[in-house]
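Hi,

Here is the structure I said I'd pass on. Have a look at it first, and then read my notes below.

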Amino acid sequence: MPQIRLEYSDDLQPLPDLRTVFSQIHAALHETAGAAMANSKSRATAVEAYIGDGDAANAFVHLGIALMEGRSTEVKARASDRCLEILELAFEPASDGRNLQITVDITDLERATYRKLPHGTIPTPAPTPTPEG
């Protein structure tokens with residue numbers, strides 16, 4: 001069910017292979033939050049950015065993830081930490097000489113208001129993974 005939105009400064013170079021980055025994020029969300037990889041919907045957008053004081057060395061990468069409600073804060077924090085690690089490694093070549101800020105935000109989709117076609121394809125709540133496994 002994850003809705004995954006990656007935004008990044010349009011002048012970041014070199015860009016990582018975003019399909020690979022998304023595959024790693026899908027796997028991380030499956031491992032840490034029980035998200036079904038087949039239901040992951042990912043997209044990336046290059047953004048003309050003005051950051052802070054306008055210094056041309058400033059750049060950003062932001063990953064927004066919306067998961068179906070029901071996961072604990074601890075589970076979402078582990079997923080966020082893992083996704084941040086993935087982005088840090090993926091965008092490291094583009095950070096050379098830049099003030100690159102990388103952020104991750106995980107929010108909840110409300111089951112009562114979220115809609116999906118075809119009908120009946122919203123999965124039942126996934127069991128919350130435990131820290132042990």
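**What I found**

Glu85 has a relative accessibility of 41%, so it counts as partly exposed. Keep in mind throughout that this is a predicted model.

I started with Glu85 for its partner: its side chain meets that of Arg82 in a salt bridge, 3.1 Å from N to O. Both residues sit in helix α2, three residues apart, which is about one turn of the helix. Arg82 is partly exposed too, because its relative accessibility is 33%.

How many salt bridges are there by the rule used here? The count is three, and the other two look like this:

- Asp11 and Arg98 meet through their side chains, at 3.2 Å from N to O. This pair links distant parts of the chain, with Asp11 in the loop between β1 and α1 and Arg98 in the loop between α2 and β4, 87 residues apart. Asp11 has 39% relative accessibility, so it counts as partly exposed.
- Lys76 pairs with Asp108, and their closest N and O atoms are 3.1 Å apart. Lys76 belongs to helix α2 and Asp108 to strand β4, so this bridge ties together parts that lie 32 residues apart in sequence. Lys76 is buried, at 15% relative accessible area, whereas Asp108 is partly exposed, at 39%.

While you're in helix α2, look at Asp81, which is also found there. With 48% relative accessibility, Asp81 counts as partly exposed. From C-alpha to C-alpha, Asp81 and Thr103 are 10.0 Å apart in space, with their positions 22 residues apart in sequence.

Now for the inside. The largest nonpolar core has 28 residues, and the ones with the most contacts inside it are Leu6, Ile25, Leu63, Ile65, Leu87 and Phe91. At least two residues of this core come from each of β1 (3–9), α1 (18–33), β3 (58–68), α2 (73–91) and β4 (99–109). There is also a second, separate core of five residues, with Met1, Ala66, Met68 and Tyr114 among them.

Phe91 is worth clicking on. It counts as buried because its relative accessibility is 0%. If you leave aside its neighbours within four places in sequence, Phe91 is in contact with Leu6, Leu12, Leu15, Pro16, Leu18, Val61 and Leu100.

Phe91 also turns up in the one aromatic pair that the structure holds. Its partner is Tyr8, and the pair is tilted, with 6.4 Å centre to centre and 40 degrees between the planes. Tyr8 lies in strand β1 and Phe91 in helix α2, so the pair ties together parts 83 residues apart in sequence. Tyr8 is buried as well, with a relative accessible area of 8%.

One last thing: Lys116, placed in the segment after β4. Which side chain of opposite charge is nearest to Lys116, and how far away is it? That would be Glu69, 15 Å away, and Lys116 is buried yet has no salt bridge. What does Lys116 contact, then, apart from its neighbours within four places in sequence? The list is Met1, Asn39, Lys41, Thr121 and Ile122. Met1 is a name you've already met, as part of that second core.

Over to you!

Definitions and conventions:
Residues numbered from 1 in each chain as written. Predicted model: local features only at pLDDT ≥ 70, side-chain atom pairs only at ≥ 80, totals over all residues. Heavy atoms only, no water. Core = buried A, V, L, I, M, F, W, Y, C linked by side-chain atoms within 4.5 Å. Buried < 20%, exposed > 50% of the residue type's maximum accessible area, 1.4 Å probe, protein only. Helix = DSSP H or I, 4+ residues; strand = E, 2+ residues; numbered from the N terminus. Contact = heavy atoms within 4.5 Å. Lys, Arg positive; Asp, Glu negative; His and termini not counted. Salt bridge = Lys/Arg side-chain N within 4 Å of Asp/Glu carboxyl O. Phe/Tyr/Trp six-rings, centres within 6.5 Å; stacked < 30°, edge-to-face > 60°.
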